[in-house]
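Trainee: Before we begin, could you take me through this chain slowly, and show me how each term is earned?

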Amino acid sequence: MKRILPLSAALWALSMPAFAAADSVALPSPELSGGRPFMETLAARKSTREFSPKKIDSQDLSNILFAAWGISHDGKRTIPTAKNQQDLNLYVLKTDGIWHYEAEGNRLTLVSTTDIMPYIALQDFVKDAPLTLIFTGKNEKDAAMNAAAAYQNVGLYCASKGLNNVVRGYVEREKIEKALGLKNEKVIITQTIGWPYM
């Protein structure tokens, strides 16, 4: 469903790169090999609250989203879910808008170009980060378990790749839910990702 944006949001959208105007963007296939050995990755995993504005390219983004909520084999997700109900949705906040991740086609679908950074970046270290994942679900208890599995996978990918990440609950959930147009879902948690300063 298309939304009518306020003038300020519409002008902000016009300033975005050309591909932001597309309703859907195909991601490259996730890379299924490479990276650090698993035990080294576990040892390297950490939360870091420092992010440069350096862009995360489409390949790394595809890999991150696959780690979080992709489809790996036989229609199975890359994470276990409570009661196998797969109660989780994944939204991607980038500088060009808010996108919904569709694992079946490995695509991003544009949800809104509304600037929700003021609801996300309540801590200064988030403001420069190029990427924040927003995990939502219907049953808060089950979805919280699912989101935990997803953000741990992402944290491990970040450790393997040399990216910084931190899981964050300090956001304005109700305002984000309204911006996303959520009806029967709640924002469970967010995860901010970016490159360290070099």
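Mentor: Let us start with a definition: helices, with at least four residues, and strands, with at least two, are DSSP runs, numbered from the N terminus. This is a predicted model, and on that definition its chain comes to six helices and nine strands.

Trainee: What makes β1 and β8 the edge strands of the sheet?

Mentor: The open sheet has seven strands in the order β1-β6-β5-β4-β7-β9-β8, with antiparallel pairing. Strands β1 (24-26) and β8 (164-168) each pair on one side only, and that is what makes them edge strands. From one strand to the next, the twist averages 25 degrees.

Trainee: How do you know that β7 and β9 count as a pair?

Mentor: Two strands pair if at least two bridges are found between them, and seven bridges join β7 (residues 131-137) to β9 (residues 186-194), so the condition is met. These two strands run antiparallel, and T136 stands opposite V187 in β9.

Trainee: Which helices pack on the sheet, and how are they directed relative to β9?

Mentor: Helix α5 (residues 140-161) touches β7, β8 and β9, and its direction makes about 5 degrees with that of β9. Helix α6 (residues 173-180) touches β4 (89-94), β5 (97-102), β6 (107-112), β7 and β9, and its direction makes about 90 degrees with that of β9.

Trainee: Why is the span of α5 described as close to the one expected?

Mentor: The expected span is 1.5 Å times one less than the number of residues; for α5, with its 22 residues, this gives 32 Å, and the helix reaches 31 Å from its first C-alpha to its last, so the description holds.

Trainee: What makes N139 a cap for α5?

Mentor: A side-chain oxygen of N139 lies 3.1 Å from the backbone nitrogen of K141, at the N-terminal end of α5. A polar contact needs N or O atoms within 3.5 Å, so this distance satisfies the cut-off. After α5 comes G162, whose phi is positive, near 90 degrees.

Trainee: Which residues of α5 are called buried, and what do they pack against?

Mentor: Buried means under 20% relative accessible area, and the residues of α5 that are buried include D142, A143, N146, V154, L156, Y157 and C158. The buried residues of this helix pack against α2 (38-44), α3 (58-69), β7, β8 and β9. Of the 198 residues of the chain, 45% count as buried.

Definitions and conventions
Residues numbered from 1 in each chain as written. Predicted model: local features only at pLDDT ≥ 70, side-chain atom pairs only at ≥ 80, totals over all residues. Heavy atoms only, no water. Axes fitted to C-alpha atoms, helices over the stretch in contact; angles between N-to-C directions. Contact = heavy atoms within 4.5 Å. Buried < 20%, exposed > 50% of the residue type's maximum accessible area, 1.4 Å probe, protein only. Polar contact = N/O pair within 3.5 Å; in protein donor to acceptor, adjacent residues only side chain to side chain.
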